[in-house]
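User: Please take a close look at one part of this model, the salt bridges and the elements that they join, and set it in the context of its surroundings. I would like a careful, connected account.

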Amino acid sequence: MAEGQAYSKKVMDHFMNPRNMGEIENPSGVGTVGNAKCGDIMRIYLDIDDNQVIRDCKFKTFGCGAAVATSSMATELVIGKTVQEALNVTNKAVMEALDGLPPVKVHCSLLAEESIHAALWDYAKKNNIVIEGLEAPRVDIHEEERQE
């Protein structure tokens with residue numbers, strides 16, 4: 001990561017050419033998380049097959065470039081994974097995949113992680129199943145944004 005507030009090439013690429021933007025009709029799970037302080041809102045849609053493998057993942061994000069980039073990367077990281085594997089896609093994993101984020105934008109990667117968890121929670125509720133290690137989602141992540 002360069003000094004100052006510079007973004008990596010990967011962040012810029014995912015911002016300029018976001019992957020998996022849009023929504024899934026009749027999704028297996030949907031998760032919406034926001035950050036009231038910065039105004040970012042992220043919605044993740046999951047299409048999960050009978051073997052609990054994520055076939056598709058789409059996102060809609062209202063926010064800054066870093067929020068769009070972290071949403072885009074998060075969708076790429078969970079497609080093809082089982083719900084249990086997707087649970088392990090942390091904000092750190094998203095940031096590493098993007099070659100880092102400026103400290104003031106770390107909360108965007110937290111939004112991505114929480115949106116995935118919220119969508120998995122929705123899926124689990126709809127299907128009356130328990131996903132080991134999954135906790136009830138937070139709708140607003142501002143209390144977490146200083147942690148890295």
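Analyst:

**Salt bridges and their surroundings**

K126 and D122 form a salt bridge in which the closest N and O atoms are 3.3 Å apart. The model is a predicted one, and the distances that follow should be read with that in mind. Because K126 and D122 are 4 residues apart in helix 5, about one helical turn separates them. D122 counts as buried, since its relative accessibility is 18% and the cut-off for that class is under 20%.

The pair belongs to a wider set, for the count of salt bridges comes to 8. A second member joins R19 to E76, with the closest N and O atoms 3.9 Å apart, a value to be set against the limit of 4 Å that defines such a contact. R19 is in the loop between helix 1 and strand 1 (29–35), whereas E76 is in helix 2, so this salt bridge ties together parts that are 57 residues apart in sequence. Both partners fall in the intermediate class of accessibility: R19 counts as partly exposed because its relative accessibility is 23%, and E76 counts as partly exposed because its value is 38%. The contact is also part of a network of salt bridges that links D13, R19 and E76. A further salt bridge brings the side chains of K58 and D56 together at 3.5 Å, N to O, and K58 is partly exposed, with a relative accessible area of 21%.

The helices that carry E76 and the K126 pair can be described together. Helix 2 covers residues 65–78 and helix 5 covers residues 106–126, and the two pack at an angle of about 40° with their axes 8 Å apart. Helix 2 and helix 5 are therefore oblique to each other, because angles under 35 degrees would count as roughly parallel and those from 65 to 115 as roughly perpendicular. The crossing of helix 2 past helix 5 is right-handed.

On the N-terminal side of helix 2, G63 lies in the loop that runs from strand 3 (54–62) to this helix. The C-alpha atom of G63 is 4.4 Å from that of D40, although the two residues are 23 apart along the chain. G63 counts as partly exposed, because its relative accessibility is 37%.

The loop that holds R19 has another feature of interest in its backbone. N26 is also placed in the loop between helix 1 and strand 1, and its phi is near 50°, a positive value in a residue other than glycine. Most residues other than glycine have a negative phi. With 69% relative accessibility, N26 counts as exposed. Q52, found in the loop between strand 2 (40–48) and strand 3, likewise has a positive phi, of about 60°, although it is not a glycine. Q52 is partly exposed, with a relative accessible area of 30%.

Finally, the surroundings of helix 1 include a nonpolar feature. Y7, M12, F15 and M16 make a nonpolar surface patch of about 380 Å². Y7 sits in the segment before helix 1 (9–16), and it counts as partly exposed because its relative accessibility is 32%; that value meets the requirement of over 30% relative accessible area for a residue in such a patch.

Key. Residues are numbered from 1 along each chain as its sequence is written. This is a predicted model: local features need pLDDT of at least 70, side-chain atom pairs count only at pLDDT 80 or more; totals for chains, interfaces and linings use all residues. Side-chain values use heavy atoms; hydrogens and water are left out. Patches are made of residues with over 30% relative accessible area and no salt bridge: like charges are joined within 9 Å, nonpolar side chains (Val, Leu, Ile, Met, Phe, Trp, Tyr) within 5 Å. Accessible areas come from the Shrake-Rupley method with a 1.4 Å probe; for residues, only the protein chains shown count as cover. Buried means under 20% relative accessible area, exposed over 50%, partly exposed in between (1.4 Å probe, protein chains only). Axes are lines fitted to C-alpha atoms, for helices over the stretch in contact, and angles run from 0 to 180 degrees between N-to-C directions. Angles under 35 degrees count as roughly parallel, over 145 as roughly antiparallel, 65 to 115 as roughly perpendicular and the rest as oblique. A crossing is left-handed if the near helix is turned anticlockwise from the far one by less than a right angle, and right-handed if clockwise.
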